Amino acid sequence: RDVPANGVNEKELIKYFETQGKAKVASLEIAYACGEYSHKLEEWEAAHVHYMERRAKHKAKPTDKTAAKLAASTEKVEAVEAELKALAQAPRVPTGVVYVIYDTEQGRNRCLDRHNPAFIWFLLDMVLPCCRFRPRYKGKKLAVAAAPEPGDVYWINLHVPRSRVQLLAA
């Protein structure tokens, strides 16, 4: 977490994490903000259900009124599809979260140990920031932790800073 969002480069990140874990990185995934797209997809699903209901009513009993409602539903679905397409083609915005999978558990543990040192090193890093006891990526300390299971991640809100999540949870 807290990977600088500007200029995120997968090859640089792999090199950095291989150095920190002293092991080969099997896979690296950069998380991108997807909240707006996900909300638009939910809107499309609702519009599509509405369209299917209107279509069924029109097939059962075709009238000018049901035809007009079906046409309106069709326009709504097409409009949302166009917005989804535009969002899919828009530049992706990194969230600052990166998932790293090492070839070995030993490499994973080394990386966690280097980024989460004993409390004394943490204090020294705070008191003497010029000495840099904790590793940095592009000058920034990263919050490195063992990743949760993919099913435990709320992907839509991944781009929301931890401080805001804690504030909203209180």
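This report describes the overall make-up of the protein chain and then its second largest pocket.

The structure is a predicted model. Its protein chain contains six helices and four strands. Read from the N terminus, the order of these elements is α-β-α-α-β-α-α-β-β-α. The chain has 170 residues, and 26% of them count as buried. Contacts across the sequence were also examined: among those in the protein chain with a separation of 6 or more, 75% join residues 24 or more positions apart. The accessible surface of the protein chain amounts to about 11700 Å². Carbon and sulfur atoms account for 57% of that surface.

The second largest pocket has a volume of about 260 Å³. Its lining includes Y32, A33, C34, G35, E36 and Y37 from one part of the sequence, together with L87, A88, A90, P91, R92 and V93 from another. Two helices, α2 (35–60) and α3 (64–89), each contribute at least two residues to this lining. Of the elements, α2 gives the most, with three residues.

The table sets out the lining of the second largest pocket by residue class.

| Class | Residues in the lining |
|---|---|
| Nonpolar | nine residues |
| Polar | one residue |
| Charged | two residues |

The polar member of the lining is G35, since Gly is counted in that class. The charged members are E36 and R92. Tyr, Cys and Pro count as nonpolar, and the lining residues Y32, Y37, C34 and P91 therefore belong to the nonpolar class.

Conventions. Residues are numbered from 1 along each chain as its sequence is written. This is a predicted model: local features need pLDDT of at least 70, side-chain atom pairs count only at pLDDT 80 or more; totals for chains, interfaces and linings use all residues. Side-chain values use heavy atoms; hydrogens and water are left out. On a 1 Å grid over the protein atoms alone, a cavity is a set of points where a 1.4 Å probe fits but cannot get out, and a pocket is an open set with protein on both sides within 12 Å along at least five of seven lines; lining residues have an atom within 4 Å of a point. Grid points are joined across faces, edges and corners, and a volume is the space filled by probe spheres set on the points. Buried means under 20% relative accessible area, exposed over 50%, partly exposed in between (1.4 Å probe, protein chains only). Contact means heavy atoms within 4.5 Å. Accessible areas come from the Shrake-Rupley method with a 1.4 Å probe; for residues, only the protein chains shown count as cover.
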